[in-house]
Amino acid sequence: YQNLLESVCFYTASDTPSTNFRYVDVRVSDSSKYATFSNTARATFDVFTNNDPPDLDLDADNSSGATGGDFHQTFIIGTGETEAGIADADRLVADVDSAQLTRTVIHLTNPQVGDRLVEIAALPAAITLDAASSDSQRIYTGAASPATYQTLLGSVRFSNLLGDPGVTTRTVETTITDDGSLTATAITSIMFTHAPRVDLDGDDDSGAMGGDYQTTYLVGNSSSVAIVDADAVITDGDSALLSGVTATLINAQGNDRLLVSGTLPGGIVADTGTPGMIALSGAASLADYATALKLINFDTGTTPLPDTRLVAVTATDNQGNTSSVVTTRIDMGGGLSVSLEDNPYLVLSGNDHRYTAVVMNNGLTDIEGVTLTAILPSGAGTFQGFSGDLLDDWDCNIFDYTAICTYLPVLAGGTG
């Protein structure tokens, strides 16, 4: 019985038990006919509460592949992305015995050039940024609920404004404190991968900058026009293969269409089922996809609307990373007959658009000494050209809603 008494323990299942004394009275009796009880012995328990640390889990369902309270993040280079969260959307902050937390420290342990930690939203009213904080360590203080600190973690981002921040995995450590207990350190691992980069005009000689391209579709010309320059190129920092390229005419009008003009490289197929879109797919090299992209042309009807067309292009590599959107601008130009009305208005046939006309070279003397004098009609009608023994010869190009028409004088004896 003595051994039995030594094995009896006091226990409470509460995380926040009362601190009142607990008393346990013990008596024993013998087995004689006239059993008698011993004196009463009392055990007194003085209860002290133990402050449990907060619970911190940066990825509650471990969907990022990290376990415990940790989180894995991916930063995709080449998409224009400059920030990455340090916690998943299902992050969890809790405390079983404290209604308020007091402090969290978020530390980027191995910062590289251009790295910093930033907040993308205003801090909650009860929380302030400690003056000891730096680009690589953010210290937030203030008595606030676990839910408030949980929200705060969602607004903290790893940031790098460089075009290529390198591929060194960054490590971010996070801890949270209540009235005296500290969570286990939760670790965010930020890994880097490259998206493809598409440059539709490698040397920018079309006048478009960055990865964009611009060209002109000549109205009346039976030939379609390529949506990329001859020096278009696709690169990728960590993938030798692409899985697809998509070209989309984002403001198609009338009889506009995209078409593949030529034979695609082996392994690449074209889906043309969606009007105004060509989706290339299949595992193939960057060079083969650049070749395939050069085969995509724009075409339209004989009397197209004059608005500039825009074609958006993206590429996806075999890791599933998709490039930033690059754009081809296609202006409508050439092949339009010209007339001039009062006010004066320049009228381009076939599209019912009028443009305010300004005669730039009135009074210019040509090489043979003929003064070019604009003869404007007194009423609506065809522009009479310039005085002298001249014939009309116009070349017009349309840029958005501006028409630039050049008049080349032709003398009876030859070009002037």
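Two strands count as paired if DSSP finds at least two bridges between them. In this predicted model, β4 and strand β13 (residues 186-194) pass that test with seven bridges, in the parallel sense.

**Overall make-up**

The protein chain holds three helices and 32 strands. Of its 416 residues, 38% are buried. Among contacts in the chain with a separation of 6 or more, 63% link residues 24 or more positions apart.

**Strand β4**

Strand β4 covers residues 71-77, and its side chains alternate. Phe71, Gln73, Phe75 and Ile77 point to one face and are buried. His72, Thr74 and Ile76 point to the other face and are not buried. Gln73 therefore belongs to the buried set, being under 20% relative accessible area. Across the pairing, Gln73 stands opposite Ile190 in β13.

**The largest nonpolar core**

Which residues have the most contacts inside the largest nonpolar core? They are Ile227, Val245, Leu258, Leu280, Leu293, Phe298 and Val313, within a core of 33 residues. Seven elements are listed as giving two or more residues to this core: β15 (213-218), β18 (241-249), β21 (277-285), α3 (286-293), β22 (296-299), β23 (309-317) and β24 (326-333). Helix α3 gives the most, with five residues.Apart from this core lies another, of 26 residues. Its members include Ile127, Tyr149, Leu152 and Leu153.

Phe298 shows how the surroundings of one core residue are made up. Leaving aside neighbours within four places in sequence, Phe298 is in contact with Tyr217, Ser224, Val225, Ile227, Leu249 and Asp256, among others. Its further contacts include Arg257, Leu258, Leu259, Arg309, Ile330 and Met332.

**A three-stranded open sheet**

Strand β22 also takes part in an open sheet. The order of the three strands is β16-β22-β19, and the pairing is antiparallel. Strands β16 (225-226) and β19 (257-260) stand at the edges. Each has a single partner strand, so one side of each is left without a neighbour in the sheet. Four bridges join β19 to β22. Within β22, Asn297 is the residue that Leu259 stands opposite.

**Ile268 and its surroundings**

Ile268 sits in the loop between β19 and β20 (269-271). Is Ile268 buried or exposed? Its relative accessibility is 6%, so Ile268 counts as buried. Not counting residues up to four places away in sequence, Ile268 touches Leu280, Ser281, Ala284, Asp288, Tyr289 and Ala292. Leu280 is one of the residues with the most contacts inside the largest nonpolar core. Val245 is another of them. Ile268 and Val245 are 23 residues apart in sequence, and their C-alpha atoms are 9.7 Å apart in space.

**Loop residues compared by accessibility**

Four loop residues are set out below.

| Residue | Loop | Relative accessibility | Class |
|---|---|---|---|
| Asn62 | between β3 (55-57) and β4 | 32% | partly exposed |
| Asp135 | between β9 (128-129) and β10 (137-144) | 47% | partly exposed |
| Asp204 | between β14 (197-199) and β15 | 24% | partly exposed |
| Ile268 | between β19 and β20 (269-271) | 6% | buried |

Most residues other than glycine have a negative phi. What is the sign of phi for Asn62? Phi of Asn62 is positive, near 60°. Phi of Asp204 is also positive, near 60°. Neither Asn62 nor Asp204 is a glycine.

Asp135 has its own set of contacts. Leaving aside neighbours within four places in sequence, Asp135 is in contact with Asp115, Arg116 and Leu117. Asp135 and Phe158 are 23 residues apart in sequence, with 9.7 Å between their C-alpha atoms.

**The second largest pocket**

Rolling a probe the size of a water molecule over the atoms shows where empty space is left. The second largest pocket has a volume of about 200 Å³. How many residues line the second largest pocket? The lining holds 15 residues. Gly78, Pro196, Arg197, Val198 and Ser324 lie nearest the centre of the pocket. By class, five of the lining residues are nonpolar, eight are polar and two are charged.

Key:
Residues are numbered from 1 along each chain as its sequence is written. This is a predicted model: local features need pLDDT of at least 70, side-chain atom pairs count only at pLDDT 80 or more; totals for chains, interfaces and linings use all residues. Side-chain values use heavy atoms; hydrogens and water are left out. A nonpolar core is a set of buried Ala, Val, Leu, Ile, Met, Phe, Trp, Tyr and Cys residues joined through side-chain atoms within 4.5 Å. Buried means under 20% relative accessible area, exposed over 50%, partly exposed in between (1.4 Å probe, protein chains only). Contact means heavy atoms within 4.5 Å. On a 1 Å grid over the protein atoms alone, a cavity is a set of points where a 1.4 Å probe fits but cannot get out, and a pocket is an open set with protein on both sides within 12 Å along at least five of seven lines; lining residues have an atom within 4 Å of a point. Grid points are joined across faces, edges and corners, and a volume is the space filled by probe spheres set on the points. Ala, Val, Leu, Ile, Met, Phe, Trp, Tyr, Cys and Pro count as nonpolar, Asp, Glu, Lys and Arg as charged, and the others, Gly among them, as polar.
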